[in-house]
Every structure is written in C-alpha cells, then in structure tokens.
Amino acid sequence: WDLNGVTVAGTSGVAGPMDNLFNVPFSLIVQSNTTIYVSDQNNHRVQRWNIGSIFGNTIAGQASGEVGSSSKHFSRSGGIAIDR
C-alpha cells in the first residue's frame, strides 16, 4: 500500500471496465495487507482486490451491478465482515 495518494482499487470518472469502477463504495476491509474488500453499494456487490491486481473480482452480488431479488443479487450492499 502506498500512503502517498496512489489509487490501489477502483478508478475515478465514468468510463472503464465494470470491474474497475465503484459507485458509492460504502464499507472497506483490509485483510493481512494483501487484500481489500469493498462493499460497492450502488453496484449492488462486494469486490475483492488483491495487491498488484489491475481489476477487482465480484465475490458477492451480481457482477453486472444489477439489483434483484434472487439469491445472487443485492440491493444496495452495506457493511461487510470477514469471518475466518
């Protein structure tokens, strides 16, 4: 991690791949200085970013950012927690 203002996850602006854009990131967990988990509220998902990764991976919710009522959908994901 770089404390000098370097982006380590996500991009700014409106253009780019879906896996690289946040829309109201709400909650953040840093695990063992190797992984960041972000609850991406308005994309209705949880993203995982590994150190050195260019793109995040959707680990919960729908990768397309669609809201819905099935077991694979979220509606405005909020806080997150990790349990070993």
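Helices (H or I, at least four residues) and strands (E, at least two) are DSSP runs, numbered from the N terminus. The model is predicted: local features need pLDDT of at least 70, side-chain atom pairs count only at pLDDT 80 or more, and totals for chains, interfaces and linings use all residues. Residues are numbered from 1 along each chain as its sequence is written, and side-chain values use heavy atoms, with hydrogens and water left out.

**Exercise 1. The overall layout**

State how many helices and strands the protein has, and in what order the elements run.

Solution.
- Count the elements: there are zero helices and four strands.
- Read from the N terminus: the order is β-β-β-β.
- Add the burial: 29% of the 84 residues count as buried. Buried means under 20% relative accessible area, exposed over 50%, partly exposed in between (1.4 Å probe, protein chains only).

**Exercise 2. Strand β2 and its neighbours**

Find which strands are joined to β2 by bridges, and in which direction they run.

Solution.
- Recall the rule: two strands pair if DSSP finds at least two bridges between them.
- Take β1 (residues 25-31): six bridges join it to β2, and the two run antiparallel. Pro25 has Asp40 of β2 as its bridge partner.
- Take β3 (residues 45-50): six bridges also link β2 to this strand, again antiparallel. Here Val38 is partnered by Gln47.
- Check the turns. The β1-β2 hairpin has three residues between the strands, and Ser32 takes a positive phi near 50°. The β2-β3 hairpin has four, and His44 takes a positive phi near 60°.

**Exercise 3. The faces of β2**

Explain why β2 is largely enclosed by the rest of the structure.

Solution.
- Start from the general pattern: in a regular strand, side chains alternate between the two faces of the sheet.
- Sort the residues by side: Thr35, Tyr37 and Ser39 lie on one, Ile36, Val38 and Asp40 on the other, and all are buried.
- Conclude: six of the six residues of β2 (residues 35-40) are buried, so the strand is largely enclosed.

**Exercise 4. Two buried polar side chains**

Determine which side chains Asn43 and Gln47 contact.

Solution.
- Define the contact: a polar contact is a pair of N or O atoms within 3.5 Å; within protein, one must be able to donate a hydrogen and the other to accept it, and residues adjacent in sequence count only if both atoms are side-chain atoms.
- Place Asn43 in the loop between β2 and β3. At 9% relative accessibility, Asn43 counts as buried. Its side chain makes a polar contact with that of Asp40 (2.8 Å).
- Place Gln47 in strand β3. Gln47 is buried, at 0% relative accessible area. Its side chain is joined to that of Thr58 by a polar contact of 2.6 Å.
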